[in-house]
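Here is a briefing on the structure shown below. It goes topic by topic, starting with a helix and the sheet it crosses.

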Amino acid sequence: MLRIEGLRVNYGRVPALHGISLHVEAGEAVALIGPNGAGKTTTLSAIFGLAVPAGGSIVFEGESLVGTSPERILRKGLALVPEGRHILGTLTVAENLLLGTTARRDRAAAAADLQQVLARFPVLEAYYRTSAGNLSGGEQQQLAIARALLSRPRLLLLDEPSLGLAPVVLDIVFDTLEELRKEGVTILLVEQAVARAVEFADRAYILRSGRVAGSGTRDEIQRMEDFETSYLGV
Amino acid sequence: MALLLQHVIDAITYGSQYALYALGIALIFGIMGLINFAHGELIMVGAFTIVLIGHPGWPLVILATVGISVVFALAMQRVAFRPLRGAQPPTLLIASFAVSYLLQNLAILIEGSAPRGTNVSTWLAASFEVGSVSIPRLDVVTVAVTAVLLVALGLFLQRTRMGVQMRAAAEDFRIVRILGVRANTVIATAFAISGLLAGIGAYLLVAQTGEVSYDMGSNPVLYAFVATVLGGMGSLRGAVLGGYVFGAIFETLQAELPSSLAGYRDAFAFGAVIVMLLARPQGLIVARSVVTRV
């Protein structure tokens, strides 16, 4: 579904990705793990057209995404839940969710999806008309995921959805991801909560210093002797 | 008492004009960080339309004025500002000066540098007499039109899908793009609205001064910029409030300054603005999006 080959991204003169390759097949949940600064967020940014690749290819369902604007990438069936949530705090919860349906042409189905999303995240219904900036961190994360789901993505990219969340909220997030996976949504997950992410994913890639340092199925990764050390980068 | 009332009416009229100009500037700044000094030339091209079109009746004149201002707004966006999207604010600012000078010089080339007189409307030039107070019809129209536009723009931003997208874009453009909001459409819409505001502003301004010249947009846009800063850069409410506060300062100085100092009205007005900004550097209303951005 998604195939990345030799992807290089520089920030100014500083290389952030030294040619990484990875692939995600339809229906899979893939985790991208690694220490801070490994290039995980940069990878997601490049996929979504927010960082310009210096080389390599990003192909989604046979079409190259390089040079495509974020708004067109969304219309191809991808959605991104960015790091730090980035809900729009000056807008209401309802308006944030409305923005999630921007690319939808089937308004009736989008309205039905909205009801479904509100049923899945009851807290959003409770605060529907209030300013999204007043939500707690966990509530904002639920809003960010709900908003991304309203575009009905076939490939959902999530960047650190667990960051700063209480364990209870974390359970809600991963339960939601589990349900989405069952519904056939393909997931590429960047996560700091490594054990949890690997447990959830079918496969994982370990990134370190802008390179793929290892990869494998859930079992293979969990069996890796140096898993902890490769994650910590010591 | 009657005199005071007259001053209040004048202040609100001035304020309405500045609010109209300031809103056009604040709208663009909020969305793309561009302080568009060429906004004045949108007023200028609108004003020249009034002179050139003749007298086909006021609805057509207004339609043509607004239409031309909108077309120029969209064109300057497409030609000058779109290629610079994402550039640093100083770059955008300089580009807007370039567009401003280009359009002014084009106007000189085509129409010459001498101001042209025109009579927009004899009806507008007359006054309503209320007791001992004489209220120019133009003042009433200016205040009413501005009020209608403010309410309409408010409804547009609050109630429509595009309005929500524009507010969201003003807060965080990157994020709205990953939600599928088309950057080009949002920015073009913002420019179209600023062109509309400039066109209506042009009509009201020419009705007031009876004069059209290549640099007629410079002062309004400077005052509007000051009003925007005064109100709080990035806040639309602030721009409107700043416009009215600036209008009140202007009118008070106009009324109270002894005739020997009247020529220095602008100096006093800007002095008052400096004092206000010293007391409240962030402006009267702080836009949340600006706070989070810094």
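**Helix H1 and the sheet of chain A**

H1(A) lies across strands S3 (29-33), S6, S7, S8 and S9 (203-208) of chain A, and runs at about 145° to S7(A). The model is predicted. The points below cover this helix, the sheet, the nonpolar core, the chain contact and a helix pair in chain B.

*Helix H1(A)*

- Helix H1 of chain A spans residues 40-47, and 8 of its 8 residues are buried, so it is largely enclosed by the rest of the structure.
- Among the buried residues of H1(A) are A:Lys40, A:Thr41, A:Leu44 and A:Ile47.
- A:Gly49 comes just after H1(A) and takes a positive phi of about 80°.

*The sheet*

- Chain A has an open sheet of 6 strands with mixed pairing, in the order S6-S7-S8-S3-S9-S10.
- S6 (78-81) and S10 (211-217) of chain A stand at the edges; each has a single partner strand, so one side of each is left without a neighbour in the sheet.
- From one strand to the next, the twist averages 15°.
- S7 (residues 155-159) and S8 (residues 186-190) of chain A run parallel and are joined by 5 bridges.
- In S8(A), A:Leu189 is the residue opposite A:Leu158.

*The nonpolar core*

- The largest nonpolar core holds 155 residues.
- Six members touch the most others: A:Leu157, A:Leu189, B:Ala22, B:Leu23, B:Ile31 and B:Ala47.
- Leaving aside neighbours within four places in sequence, A:Leu189 is in contact with A:Ala29, A:Val30, A:Ala31, A:Leu32, A:Leu158, A:Ala197 and A:Ala201.
- In soluble globular proteins, nonpolar side chains tend to be buried together.

*Where chain B touches chain A*

- The contact involves 20 residues of chain B and 21 residues of chain A.
- On the chain B side, H7, H8 (173-178) and H13 (288-293) each supply at least two residues.
- H7(B) gives the largest share of that side, 6 residues.
- The chain B side that touches chain A divides into 8 nonpolar, 4 polar and 8 charged residues.

*H7 against H9 in chain B*

- The axes of H7 (residues 161-171) and H9 (residues 183-209) of chain B come within 10 Å and cross at roughly 100°.
- That crossing makes H7(B) roughly perpendicular to H9(B).
- H7(B) makes the contact through B:Met162, B:Gln165, B:Met166 and B:Ala169, and H9(B) through B:Val186, B:Thr189 and B:Ala190.
- The residues of this H7(B)-H9(B) contact are 5 nonpolar and 2 polar, with no charged residue.

Note on methods
Residues numbered from 1 in each chain as written. Chains lettered and ligands numbered in written order. Predicted model: local features only at pLDDT ≥ 70, side-chain atom pairs only at ≥ 80, totals over all residues. Axes fitted to C-alpha atoms, helices over the stretch in contact; angles between N-to-C directions. Helix = DSSP H or I, 4+ residues; strand = E, 2+ residues; numbered from the N terminus. Parallel < 35°, antiparallel > 145°, perpendicular 65-115°, else oblique. Contact = placed C-beta atoms within 7 Å. Nonpolar A, V, L, I, M, F, W, Y, C, P; charged D, E, K, R; others polar. Buried ≥ 20, exposed ≤ 12 C-beta atoms within 10 Å, placed from the backbone. Pairing = 2+ DSSP bridges. Core = buried A, V, L, I, M, F, W, Y, C linked by C-beta atoms within 7 Å.
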